[in-house]
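Me: I would be grateful for a close look at the second largest pocket in this model, set in the context of the annotated spans and the cysteines.

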Amino acid sequence: MAHFPLWLHSVAIVSIAVGFACAAWIVADEIRHPQKMPIMNWVWPLTALFGSVLWLAFYLRFGRNVGEQPDETPMHIAVAKGASHCGAGCTLGDIIVEWAAFAFPAIAVFFGWHHWTAEKTFAVWIPDFILAFAIGVVFQYFTIAPMRDLSFGKGVWAAIKADTLSITSWQVGMYGLMAIGQFLWFKPAYGHIAEVKMPEFWFLMQLAMLGGFATAYPTNWWLVRAGVKEKM
């Protein structure tokens with residue numbers, strides 16, 4: 001078990017609590033002012049779990065469905081929304097898989113723990129990606145299909161094309177920062193990586209998700225420019 005300092009433990013707890021508070025505020029606001037695109041009622045609070053006050057501010061400035069809406073969304077804002085849309089799928093997928101693999105270690109074993117890798121983290125990243133991708137495609141389907149008036153099959157294919165590069169680029173940044181935090185910071189400094197049940201793990205996940213946003217942003221810019229993703 002890692003022995004984390006009190007300051008880091010306290011920072012982790014506060015950061016997680018603030019993220020949940022921001023997400024709860026957005027949910028309460030969306031009950032009163034539902035999003036025009038229903039899937040965004042999920043996206044905004046999920047992204048607030050890692051983006052915290054930054055994403056709450058983003059929501060208040062560009063996400064609330066109140067008053068007059070601009071006819072044209074600036075490109076940099078549309079891309080940020082698109083990347084956040086992808087990040088919501090990653091967030092939900094990672095939360096589900098990480099806790100499932102913690103409760104049922106056989107999941108990690110199935111994906112290679114004690115076989116091709118002695119490190120459980122790397123094995124769990126496989127179902128992390130699979131579920132994040134699946135949820136991302138579902139989220140993207142309920143964005144693209146209504147906007148383009150597509151049939152189910154065409155909508156699913158369009159969602160897969162839109163989210164494959166987006167989710168992959170997000171996970172590259174997220175996994176990269178998680179690896180740096182776990183194996184180049186926590187393990188050398190505190191003797192062990194953070195486990196899922198520890199606040200430090202989820203604090204690091206919040207930081208890693210921001211890394212995922214950074215790597216997914218340019219990818220989403222290109223996807224929107226190319227017309228593969230819709231400008232939100």
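Reply: In this predicted model, residues 39-60 are 95% helix and 0% strand, with 17 Å between the end C-alpha atoms. Residues 122-144 are 100% helix and 0% strand, and their end C-alpha atoms lie 32 Å apart. Both spans belong to the "transmembrane region" annotation of the unreviewed UniProt entry, which also lists residues 6-27, 165-186 and 201-224.

The second largest pocket holds about 320 Å³ of space. Its lining comprises 17 residues, of which Glu119, Lys120, Thr121, Ile193 and Ala194 are the closest to the centre. Three elements each give two or more residues to this lining: α3 (75-103), α5 (120-148) and α6 (152-190). The largest share, four residues, is contributed by α5. By residue class, the lining of the second largest pocket consists of nine nonpolar, three polar and five charged residues.

As for the cysteines, the model contains zero disulfides when a pair of sulfur atoms must lie within 2.5 Å. Cys90 takes part in no disulfide, and the nearest cysteine sulfur, that of Cys86, is 4.4 Å away. That separation fails the criterion because a disulfide requires the two sulfur atoms to be within 2.5 Å. Cys90 has a relative accessibility of 0% and therefore counts as buried. Cys22 has a relative accessible area of 5%, so this residue is buried as well, the cut-off being under 20%.

Terms used:
Residues are numbered from 1 along each chain as its sequence is written. This is a predicted model: local features need pLDDT of at least 70, side-chain atom pairs count only at pLDDT 80 or more; totals for chains, interfaces and linings use all residues. Side-chain values use heavy atoms; hydrogens and water are left out. Buried means under 20% relative accessible area, exposed over 50%, partly exposed in between (1.4 Å probe, protein chains only). UniProt positions are given in the numbering used here, feature names are shortened, and annotations may be inferred rather than shown by experiment. On a 1 Å grid over the protein atoms alone, a cavity is a set of points where a 1.4 Å probe fits but cannot get out, and a pocket is an open set with protein on both sides within 12 Å along at least five of seven lines; lining residues have an atom within 4 Å of a point. Grid points are joined across faces, edges and corners, and a volume is the space filled by probe spheres set on the points. Ala, Val, Leu, Ile, Met, Phe, Trp, Tyr, Cys and Pro count as nonpolar, Asp, Glu, Lys and Arg as charged, and the others, Gly among them, as polar.
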